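This briefing is intended to be read beside the sequence and the three-dimensional view. It proceeds topic by topic, from single residues to the contact between the chains.

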Amino acid sequence: MIIHHPILGPRDAQEFVYLGDASLIDRPDGMTAGIEEFHEYLYQRTNPAGEHRELWYHEQGDRSWLVVTRNTVTHEITKVELARDVARSRGRSK
Amino acid sequence: MSQSHRIPGGQIDRTKTFRFTFDGLPYTGHPGDTLASALLANGVRLMGRSFKYHRPRGPISAGSEEPNALVELRSGGRQEPNTRATVAELFDGLTANSQNRWPSLRFDAMAINDRLNAFFAAGFYYKTFMWPKSFWEKLYEPIIRRAAGLGSVTREEDPDAYDKGFLHCELLVIGAGPAGLMAALTAGRVGRRVILADEDFRMGGRLNAETVAVGGVPGADWAAAVVTELSAMPNVRLLSRTTVIGAFDHGIYGAVERVSDHLPVPPAGKPRQILWRIYTRRAILSGGATERPIAFENNDRPGIMLAGALRAYANRWAVKVGERVAVFTNNDDGLRTATDLQARGVDVVAVIDSREGGEMLSGVRHLRGAQVIDTAGRLGLKAITVRQANGATETIAVDALGVSGGWNPNVNIHSHHRSRPVWDAGIAAFIPGPEGPPGLLVAGAAAGLLSTHAALRSGRDAALAALELTSGPDLPEAEDAPVRITPLWHVSHGKGRAWIDQQNDVTVKDVKLAKQENFTSVEHLKRYTTLGMATDQGKTGNVIGLAIMAELTGRSIPETGTTIYRPPYTPVAMGALAGRSRGKEFKPYRLTPSHHWAREQGAVFVEVGNWLRTQWVPKPGETEWRQSVDREVLATRRSVGICDVTTLGKIDIQGTDAGAFLDRVYANTFSTLPVGKCRYGLMLREDGIVFDDGTTARMGEHEYVMTTTTANAVTVFRHLEFCRQCLWPEMDVQLISTTEAWAQFSVAGPNARKLLEKVVDQDISDAAFPYMGAGNITVCGGLRARLFRISFSGELAYEIAVPTRYGDALLREMLARGAEFDPVVYGTEALGVMRVEKGHVAGGELNGQSTALNMGLGKMVSRKKDSIGMVLSQREGLTDPDGYRLVGVKPVDPNGKLTAGSHFLEKGAAAVAANDGGWLTSKVYSPHLGHDIALGYLKAGDRKIGQRMRAVNLLTGQDTEVEIVSPHFFDPEGERLRG
């Protein structure tokens with residue numbers, strides 16, 4: 001597979017490490033959320049046959065975490081974003 | 001007399017003669033021959049034995065689809081099994097042997113299986129060897145494996161190198177027949193970057209095997225001229241002897257180039273094969289078509305082959321397979337074989353054409369509406385029995401028979417993204433479906449366009465479409481004969497066996513049996529009968545098998561459907577997949593700064609991650625590893641020891657939020673750590689399990705240095721980047737891995753400070769540099785360095801770091817300047833002994849299943865701040881008061897032996913899982929205490945200190961009475977490390 005890195009252009013997937021569902025960005029606040037909420041966050045995943053937003057890490061490159069939108073059936077990649085930008089757009093700060 | 005079956009003409013170089021052997025007998029051939037063509041030229045038709053019935057077999061094809069003529073090439077480390085003689089390029093001195101026969105190819109004792117065929121029908125092993133169950137693995141399977149099977153694997157190491165390479169182009173053309181050549185020409189002439197790959201050693205595809213004219217010259221000559229033109233283009237790369245094995249995601253194609261398979265030994269510096277990864281936006285599949293046979297009784301005898309192969313051997317290799325030849329066909333292409341053979345002076349005694357009516361061939365006995373119903377000749381064809389249109393049967397003496405059941409487009413690569421081929425009734429074959437891999441177009445026979453003109457036209461048009469060009473070269477004139485075929489899949493006659501898949505010995509009967517047992521879907525048919533499995537992947541047999549199933553079930557062929565193909569297109573040697581990653585180069589290895597010193601001392605090394613670490617350093621006279629390790633431990637505790645700890649991960653963390661960031665990623669607090677101090681940190685995973693541990697020092701207000709375990713250096717860094725970028729993107733914190741930047745040594749023991757004072761430029765007295773102190777210093781008169789007063793061994797200890805390139809010098813300097821203290825260099829074993837003596841957790845305890853509570857470190861998890869894993873570490877299942885707790889273990893009898901992995905049992909309890917109390921995680925011999933000691937996880941272990949239990953190991957048979965003790969065996973008050 002080839003991932004179009006927003007900064008570095010097309011890169012071979014071998015340079016990356018896969019983590020999983022991009023919903024891992026939405027970590028609850030440990031000072032307010034309880035076990036149930038963290039359980040949902042950590043373990044509950046959809047497993048779509050189709051479009052999937054997922055986290056890839058450019059370990060053999062610039063160390064960016066990326067959010068890759070990939071079709072799990074065809075492997076077509078329709079969007080690649082810096083995870084930091086996605087995190088900010090989802091209201092994460094410090 | 002050699003080469004008795006050679007005829008004039010062909011594309012072989014008769015000016016040179018190659019000598020080779022097959023099963024020990026000498027033969028000759030010429031450059032341009034394959035092993036199969038050379039053997040056939042020598043009158044050898046018998047080349048193998050079948051998989052199951054050990055039937056005598058010869059080649060049925062002249063290409064990579066070959067199911068039968070599988071041979072072992074070469075000997076020693078280069079011996080290669082299951083090689084298709086039909087594509088093995090002949091070279092001088094080649095040694096080849098038949099396989100799957102004993103004692104010889106002509107007399108094979110296992111041919112008894114053929115007589116016992118009633119017991120070996122499809123699925124026989126599911127039914128026959130059911131009872132008793134335990135016999136399968138130990139008795140039945142080994143026997144079946146020995147009797148069946150193919151070639152043998154050499155036990156010697158392959159002496160050749162295999163490479164991997166990367167190529168980029170604008171257009172990849174797969175297959176260099178008329179369509180592929182025309183496509184490459186179209187793109188090449190306008191300067192596009194083209195790669196043209198073909199599995200054959202001679203480009204041209206079927207043009208080399210045919211007598212058709214292209215542009216007024218013989219097709220083979222036209223192909224040669226195009227190849228010459230292409231090879232002069234700097235923008236075109238021609239890869240002959242290269243099989244494109246698969247279409248992968250996003251325009252990546254795999255290809256295997258057989259660089260040196262056609263040579264006795266690879267030239268100096270050249271690999272045997274290269275696995276290419278080709279990146280391209282556009283590709284054209286012009287891989288041609290494969291002829292299929294017709295199933296009739298005893299259709300597997302040596303001498304019976306595909307009609308197109310018979311023709312190819314005559315036209316390209318100047319070989320007549322027999323003296324008296326017949327052709328059995330259901331389509332016009334079979335007639336072309338008869339015509340070509342006749343033109344070359346081969347005696348064609350009959351053409352058996354299953355179709356009624358139509359034009360009659362002249363000058364040959366053309367039997368219309370006739371079928372071949374049986375054959376004779378055990379080791380080679382002697383005669384065929386023909387049933388004529390009027391029902392009369394006739395036996396005709398022949399020694400070669402060409403069979404044509406039509407041509408199947410080679411759709412394989414087009415299916416690699418699961419595209420299903422569709423049925424084309426016009427040519428009675430499957431053609432590529434509408435949705436293939438993005439960017440892949442299909443041209444020529446692979447697209448079902450079987451005439452030469454259609455191939456040339458579609459090749460050009462595909463290149464124009466792929467590159468968005470408007471005009472291309474003029475098309476040379478060529479035949480455009482229509483496909484005239486009346487499908488005939490198998491001949492109904494008698495009770496004998498008619499083969500569909502010769503490699504797997506699947507017959508029409510097996511398909512009937514599958515239908516009878518309701519395995520009617522093509523996927524079930526494949527698995528039940530093994531149709532289409534093994535090295536040829538059913539290239540000749542699949543379509544007949546499913547067509548017969550369609551017939552039996554009364555469904556149409558499109559309704560029945562077809563299985564699809566996965567990579568690789570043809571078998572790939574493991575060596576090509578491994579490339580250079582073998583032996584010592586299997587993965588990269590990293591050397592520590594002290595490696596050269598240690599090697600001078602004869603140190604023993606151990607792989608830790610990718611590092612080679614010193615395990616122990618034997619002294620003269622030490623014959624057993626424990627002698628060295630015990631000495632290193634005792635010397636360290638008595639005076640001073642030095643250990644290279646460079647391999648521990650080091651991460652520089654800077655920024656105004658560095659402290660807050662560490663509070664989030666560590667279970668305990670770091671923002672309160674004073675500048676110039678270190679603290680032990682415990683890092684959890686989000687699920688509450690301990691991830692890693694290490695010490696982190698605060699070097700400045702906004703600057704920390706974290707250490708990780710050697711094993712987790714990479715994953716911790718990745719995790720921290722995740723936290724920084726994905727969870728808290730606005731934190732002002734920057735990370736950089738400095739593992740390789742600093743050489744770091746642990747200096748431990750009562751004389752550690754005295755030794756370091758010999759090299760450190762500053763005051764490091766206890767007052768100036770107290771326990772858990774950290775700071776930037778200089779050594780040896782000004783070299784920048786870092787010093788941390790931390791201890792893993794329980795001794796007064798420091799870790800000192802200098803820029804990596806000075807690591808070797810620092811070690812030698814410390815040993816020389818501190819010689820009066822008789823310092824010892826210790827390895828990972830002594831390190832392990834001292835940390836177990838001290839009760840520190842490491843790999844055995846940080847096992848990815850254990851919590852801080854399990855380790856006795858539960859109080860370190862601060863609940864006053866949010867941190868990764870804090871919430872879920874409070875889960876009910878992880879806070880069980882009766883859960884595992886870290887304990888120390890010692891044998892009641894000091895001579896008692898402990899083993900890591902032993903399980904805790906109460907005295908008198910049976911050694912069953914229900915009584916399991918936990919396990920020993922790490923065990924060492926403590927030279928200080930004079931007996932084995934261990935750490936372990938014991939249920940409610942914190943309340944069992946002082947109790948006696950058993951440590952039982954059912955693997956070693958050990959059953960040792962032990963006392964549960966505190967994990968801190970040595971200096972529990974920590975007086976030594978504060979000294």
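In this predicted model, R885(B) touches L853(B), N854(B), D880(B), G936(B), Y937(B), L938(B), G941(B) and D942(B), leaving aside residues up to four places away in sequence. R885(B) belongs to strand β45 (residues 884–891) of chain B. The points below begin with this residue and then turn to chain B, the contact with chain A, and the aromatic rings.

**Surroundings of R885(B)**

- R885(B) has a relative accessible area of 8% and is therefore buried, the limit being under 20%.
- The side chain of R885(B) reaches the backbone oxygen of D880(B) at a distance of 3.2 Å.
- One of the residues that R885(B) touches is G936(B); the two are 51 residues apart along the chain, yet their C-alpha atoms are separated by 7.9 Å.

**Chain B as a whole**

- Chain B has 979 residues, of which 60% are buried.
- Its secondary structure comprises 21 helices and 50 strands.
- Taken along the principal axes, the C-alpha atoms of chain B fill a box of roughly 115 × 70 × 55 Å.
- Of the contacts in chain B between residues at least 6 apart in sequence, 66% join residues at least 24 apart.

**Helix α11 of chain B**

- Helix α11 of chain B spans residues 522–529, and its buried residues include V522(B), L525(B), K526(B), Y528(B) and T529(B).
- T530(B), just after α11(B), adopts a positive phi of about 70°.

**The contact between chain A and chain B**

- Chain A contributes 38 residues to the contact and chain B contributes 36 residues.
- Together the two chains bury about 3,200 Å², with 55% of this area on carbon and sulfur atoms.
- R27(A), R84(A) and K94(A) supply 21% of the area that chain A buries against chain B, more than any other three residues.
- Seven salt bridges are found across the interface of chain A and chain B.
- A salt bridge joins E730(B) to R88(A), with the closest N and O atoms 3.0 Å apart.
- The interface also has 21 residue pairs in polar contact, counting pairs with both residues at pLDDT 80 or more.
- On the side of chain A that touches chain B, the elements giving two or more residues are β3, α1 (35–43), β4 and α2 (83–89).
- The largest share of that side, six residues, comes from α1(A).

**D657(B) and its neighbours**

- D657(B) is found in the loop between β35 (649–654) and α17 (658–665) of chain B.
- With a relative accessible area of 12%, D657(B) is buried, because this value falls under 20%.
- Not counting residues up to four places away in sequence, D657(B) touches K94(A) as well as E730(B), M731(B) and D732(B).
- Two of these neighbours also appear in the description of the interface: K94(A) is one of the three residues that supply 21% of the area buried by chain A, and E730(B) forms the salt bridge with R88(A).

**Aromatic pairs**

- Over all chains, the structure holds 17 aromatic pairs.
- One of them is formed by F16(A) and W56(A), which are edge-to-face at 6.4 Å centre to centre, with 85° between the planes.
- F16(A) lies in the loop between β2 (9–12) and β3 (17–21) of chain A and W56(A) in strand β4 (residues 51–57) of chain A, so the pair ties together parts 40 residues apart in sequence.
- F16(A) is buried at 8% relative accessibility, and W56(A) is buried with a relative accessible area of 8%.
- In chain B, W616(B) and W625(B) form a tilted pair, 5.8 Å centre to centre and with 35° between the planes.
- W616(B) is buried at 14% relative accessibility, whereas W625(B) is partly exposed at 38%.
- F16(A) and W56(A) also belong, with Y18(A), to one aromatic cluster.

**Charges over rings**

- The charged end of R497(B) sits over the ring of Y53(B), 4.7 Å from the ring centre.
- The charged end of R664(B) is likewise placed over a ring, that of W728(B), at 4.9 Å from its centre.

Notes: Residues numbered from 1 in each chain as written. Chains lettered and ligands numbered in written order. Heavy atoms only, no water. Phe/Tyr/Trp six-rings, centres within 6.5 Å; stacked < 30°, edge-to-face > 60°. Helix = DSSP H or I, 4+ residues; strand = E, 2+ residues; numbered from the N terminus. Buried < 20%, exposed > 50% of the residue type's maximum accessible area, 1.4 Å probe, protein only. Lys NZ or Arg CZ within 6 Å of the ring centre and 35° of its normal. Contact = heavy atoms within 4.5 Å. Buried area = accessible area lost by both parts, 1.4 Å probe. Salt bridge = Lys/Arg side-chain N within 4 Å of Asp/Glu carboxyl O. Polar contact = N/O pair within 3.5 Å; in protein donor to acceptor, adjacent residues only side chain to side chain.
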